[in-house]
Every structure is written in structure tokens, then in C-alpha cells.
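Student: I have a structure open and would like to test the words used to describe it against the numbers. Could you take me through the reasoning?

Tutor: Happily; let's look at it together.

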Amino acid sequence: MNIGKRIGSIFLVLLVLAVFIYVAYEHDRAGSDEGVSAKDTIVLWYTDEVLADYLSSVALSYYEEYDVHVDIQLVSGLDYLETINRESLHGKDSPDIYIVPNTSLEKAYLAGLASVVSDPDGLITTDHYPQTAINAVTYDGKIVGYPMYFDTSVFVYNSTYMEQMARGIVEKEWEEQGLIQVFKDTIAASGASEEAGADADSSQDVQNSGSSDAAEAESEEGEEEINPLYEYPIFVKEVSEKAEALVPATVADILNFADQYDAPENVDAFFKWDVSDIFSNFFFIGNYVNLGGASGDDITKINLYNANAIMCMNIYQSLNQFFSIDAANSTYENVVNEFKEGKTMFTMATTDIIANLEAAKADGSFAYEYGIMTIPNLSENLDTRGFSITNTLVVNGYSSKKALANEFANFLCTNGADSLYSRTGKVSANVDVQYDMDALNTVLVQYGKSVPMPKAIELSNLWIELESAFTNIWKGADANTTLRRLSEKIKHQITGDGVIEEVIEVEQVDLLDPETVNVDESKLFYDEEGNYIGDQADDYVESDADGETLNGEGVAINEFPFEEDDFVDDIPEYLFPPNGPEGEEEE
């Protein structure tokens, strides 16, 4: 072989080697967690089709700014985490980032499907989110998701009815004070001063009398003429102030309101809510129970049975005689529809009620104005606190592109948050978002006061148990016994041991008689974030007023009054895969 052929062969080998090295480098770079280029792609999974256009729009903006493509995939919500786990372990189409309710974060983290967020821009702080949102995405002291949007309960009222009632009250007061006559005299004097000018045009009026008569006839057949008094500035101001004052500040106020005023003609019920739904009911006891600590992940902090919770549930039961809502036929959809039809003055609803009512106003199916306020307390002494659920962006622990996924999550929760509500009707958890509607700002305030739904696996069936307890109490079951049995059942489910709660005696209360509503202040323990601990302090040592230590957890271990088959004790195997996600350090 001559020297030329030898050089040519060497050159060819070097060329092939160079190509191989380049391809291998590009492959490694594409799978690396470092670097950003136009060829970078991350996959996002979601289950709510309402988000489709919004996510695509934000993904496009992100691509235009950072040259990173986000593949948005709508997938079935059925067995969602199981599908993510299967694809992450064995498939080729697993997501780098996905949207999931905060209630699933413990399952996701234990399965290696949720990694601790890097939060590159320091977004997840109380400067940008309520503490509620941060608690919702915290598991075992680690932040494992980005709060995206939320749902909670709010109090809704028909402000048109409030104004009509206020107008009648103010008009009666003015009549009694002689102010109506003063107004009439003022109008009459004003009309007399214009009479001369009207006479100058009398000949023209005679010529046009035919058309004037026709116009008058048309006016009589048209809308009812507005009383000039109702447009008088001072009167309007007083009506506005009175209408605002009429809105109940407590549930006790609602009862007093119903006792003092006659309902408008179209109204069937002063106050109606879905008594079959725990999301609508929870506010009655939300301030006096503890469901896993601030983040809902500490199963040593469970308190469902205490004097204040029992008193609240007795009040809840007593409301049945005032509002007579049939729990068997109660649905959220019916409650909302009856409010839209003007058949109900006050109701409890979830965050989506705002978009629902605005759409109904636009198409003419809702002919009223409405107001949104935070959930009223039960009384001056008994506070309320509702539930909330936070949908979060989670970076898959098995993803090889965690850095990119974290950066996009940050972008979605900041730059993308401003258009979230306008495109989806969902309210961002980010407090930096500015809204023109007072109702949305009120919803955000309510969210900050709410209890995040727990994420502890052992509490996964608590909502069914709570709904059952509320339904039974509404129908007449003893509140004390029902709460005690529920507490024993949940604690057994957690510990595996039989638990018998010491019976707590609570006197009957009358919400309309403040003297009977006596909150046991000695049983009110809160942590530094304002979350209720219950009748047990952080170290679970309960003391009496003199500082004497009582019986620890306040429970006795005896024969348990339930069958083992009543509980769901098994945890899905997929939560504990044989090998953790690649690159995740063992703790």
C-alpha cells in the first residue's frame, strides 16, 4: 500500500471517529441536566383540558424567549401517578414535569416522582405566596412542588337583593323623618324654575302632540319609571352603606337576618349550601381540628375530637331546623343554579363560582349582581376556617432535565400567572398577580386563611369519612359520639392500635344566645404559623390550668369497637419501587 492510500485510510478512520465522538457528545448533552439550546425539549403532563390553550400559549412564549420547547400532553386523570411511575421506570414517554393536586405529593415523593424543587429565582416565599400555598407544597420539611392555582370555599350573596332591602329600609326611615317631603319640595321648586322655558316651546309642543302622545303611550308600555328619589345622591349613598351593613358577618347574623326581614318574592331560602359536600361543610370545624400539622403530612398531629369541634358540630346540626336542606338530594350544581335563579340569598361556593356567574351575566341567565366575601365566623366567639386544594407543578424525580423543568415551572408561575384566570377561570396562587375584580382579591384572601387538604397517605380516605360524619350529624346523629368514633377510627387507621377516646362532655349551645357559646380557651393551641394544634401542645403533653401534666395524648388503649375490614391499610406497591430515581441521593 502506497503512502497516499495509507494517509487516506488514516484520514477516513479519523473522520469516522470524529463523527462518532460528536454524536456521542450531542447525545450526552441532550440527556444532561446542564445547558439550554434550541434542541432542548421538556415534557409536561396535565389532566384538565381547560388548561390546554393556556399551557400551549405559555409554552410558546417560553420557547420564543429561551429556545426551549415544551411538549404539552393532556393525559387521563385515571391512575395518573401510576401511569407516570410506570412510564418513568419502563417507558419512553414519561413527563419531566406534571400538574397534580397537593394531596398527592406524599405519594409522588415516596415513589421518587417528585424532586425537591431548585426554585432558581427564590419564588416560593411569603413574598410571593400565602403561607397556605407553601404549606401545601411542603412535605417532610422540603418544598416538592410549585404552587400553581387553587380552589377554596367562599361566601356568596345576592347584592341586588341587599340593595333592594336597603332601599326599602332607608326610604322608610326618610319617610319617618320627613325627608321624603323635603325631597319632593326640592324637586317641585326645581320644576317651577324651568316652567317659563317650557312655555316658550309650547307652540312647538302642540305641533308635535301626536308624536308626544305616542311616545308617552310607549313609555307606559315599556319599563317601569324610575323613582327620582332612587337617583338622589344622598339617598344612593345611604342605601349603599345600609346594603353593606346588611351583609351578615357571622352565621348567627344570617339567622337574625332571616328572623328580622321578609325574603324577596322570588327567594325560597335565605341560606343554602351543599350539605353533602365536605368542601362546603368543613369551615364549621376547620379552625378547631388538626389534620396532620401545618403541611398535612405529620400523622402524629391528628385532633378531630375536642370540646370546640363538638360545639361547632352541635351548631351545624341545629341549622337544619332553620334551613331544612335535604342532604340526600343536595348537590353543588343545584345550589349554584338556585342562586343564579335568585332563589337563594346566601350560599357557600368554590372558587369557580366567579367565572360561572360572570358567564351567566354575559349570556343573560343571571339577572342580578353578586358579592363575594370571606367565610363568616359562626359567632363572635367561634371562628371558621375552610379547606383549600392547591394544584402544583412537580418536577419528576426520574427526569434527566430537572434544571430545565424547574426553570419552566418558575416561568409558568410568574410570567404565565397573569393570564391564568382570563384564559382558564382558575386563580393563581401567586399574590403578585393583580386583578381588576374585587371578588378575585377576596378569594385570594380566603385562600390565605384556609387549611390545605392533607397529603398524608394514611388520611387518603378521611374526606369520605368526614362527609359521612357530617351527613349523619345533619340528619340527627349525636355530634359528640359521631366525632369521637371518627377520631378513634382514623387514629386506628394510622397506628394500627385500638384507640378509645376519653368522652368529652359539652353543654348544648344556642347560636342565637351568645352566652351559651363558650369557647374553651384553655384548649386552643396554635403553632407559630397560626395553625390549630388542638387540645395537645407540640410535644403532645396536655396540662391543666394549674400546669399539672395530664394523661399525655389523652387516650386509652382498650378493645377497639370496629372490625379490621373497615379500613384501608395497604399502600400501593408502586410507591416503593425497588430502585430510586437515577441521580437522586439516598437520605
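Student: At roughly what angle do the axes of helix H6 and helix H11 cross?

Tutor: Keep in mind that this is a predicted model. In it, the axes of H6 (residues 159-177) and H11 (residues 233-246) cross at roughly 125° and come within 8 Å.

Student: Why are H6 and H11 called oblique to each other?

Tutor: Set the angle against the classes: roughly perpendicular covers 65 to 115 degrees, and roughly antiparallel begins over 145. The crossing of H6 and H11 is at roughly 125°, so the two helices are oblique to each other. The crossing itself is right-handed.

Student: What makes up the contact of H6 with H11, by class?

Tutor: There are 11 nonpolar, no polar and six charged residues. Among those on the H6 side are Met162, Glu163, Arg167 and Trp174, while the H11 side includes Ile234, Phe235, Glu238 and Lys242.

Student: What makes H14 oblique to H22?

Tutor: Helix H14 (residues 307-318) and helix H22 (residues 479-495) pack at about 130°, their axes 9 Å apart. Oblique is the word for H14 and H22 because that angle lies between the 115 degrees that ends roughly perpendicular and the 145 that opens roughly antiparallel. Ala309, Ile310, Met313 and Asn314 of H14 make the contact with Ala479, Asn480 and Leu483 of H22. Sorted by class, these are five nonpolar, two polar and no charged residues.

Student: And why is H16 called oblique to H17?

Tutor: Here the angle sits on the other side of perpendicular. Helix H16 (residues 332-340) packs on helix H17 (residues 353-363) at about 45°, with the axes 11 Å apart. Roughly parallel needs an angle under 35 degrees and roughly perpendicular starts at 65, so H16 is oblique to H17. H16 passes H17 in a right-handed crossing. Tyr332, Val336, Phe339 and Lys340 meet Ile353, Asn356, Leu357 and Ala360 there, a set of six nonpolar residues, one polar and one charged.

Student: Let's move to single residues. How do you know that leucine 466 is buried?

Tutor: Buried means under 20% relative accessible area. Leucine 466 has 1%, so it counts as buried. This leucine lies in helix H21 (residues 462-475), and beyond its sequence neighbours within four places it is in contact with Ile278, Leu304 and Leu486. Its C-alpha is 9.4 Å from that of aspartate 277, although the two residues are 189 apart along the chain.

Student: What makes serine 428 count as buried?

Tutor: The value for serine 428 is 2%, under the 20% limit, so this serine counts as buried. Serine 428 is placed in strand E13 (residues 427-428). Outside four places in sequence, the residues touched by serine 428 include Met148, Phe150, Ala417 and Leu444. For Ala417, the C-alpha distance is 6.1 Å, at a separation of 11 residues in sequence.

Student: Why is aspartate 79 called partly exposed, and why is aspartate 119 called buried?

Tutor: Aspartate 79 has a relative accessible area of 45%, between the 20% and 50% limits, so aspartate 79 is partly exposed. Aspartate 119, at 15%, falls under 20% and therefore counts as buried. Aspartate 79 is in the loop between strand E2 and helix H3, and aspartate 119 is in the loop between helix H4 and helix H5. Each has a positive phi, near 55° for aspartate 79 and near 45° for aspartate 119.

Student: Which residues of helix H12 are buried, and what covers them?

Tutor: Val251, Ala252, Ile254, Leu255 and Phe257 are the buried ones. Their cover includes H6 and H11, the pair we began with, as well as strand E6.

Student: Which residues touch the most other members of the largest nonpolar core?

Tutor: Tyr98, Met162, Trp273 and Leu393, in a core of 153 residues. Strand E6 (residues 146-158) gives the largest share, eight residues. Beyond its sequence neighbours, Tyr98 is in contact with residues including Trp45, Leu113 and Leu393. Across the 587 residues of the chain, 47% count as buried.

Key. Residues are numbered from 1 along each chain as its sequence is written. This is a predicted model: local features need pLDDT of at least 70, side-chain atom pairs count only at pLDDT 80 or more; totals for chains, interfaces and linings use all residues. Side-chain values use heavy atoms; hydrogens and water are left out. A nonpolar core is a set of buried Ala, Val, Leu, Ile, Met, Phe, Trp, Tyr and Cys residues joined through side-chain atoms within 4.5 Å. Buried means under 20% relative accessible area, exposed over 50%, partly exposed in between (1.4 Å probe, protein chains only). Helices (H or I, at least four residues) and strands (E, at least two) are DSSP runs, numbered from the N terminus. Contact means heavy atoms within 4.5 Å. Axes are lines fitted to C-alpha atoms, for helices over the stretch in contact, and angles run from 0 to 180 degrees between N-to-C directions. A crossing is left-handed if the near helix is turned anticlockwise from the far one by less than a right angle, and right-handed if clockwise. Ala, Val, Leu, Ile, Met, Phe, Trp, Tyr, Cys and Pro count as nonpolar, Asp, Glu, Lys and Arg as charged, and the others, Gly among them, as polar.
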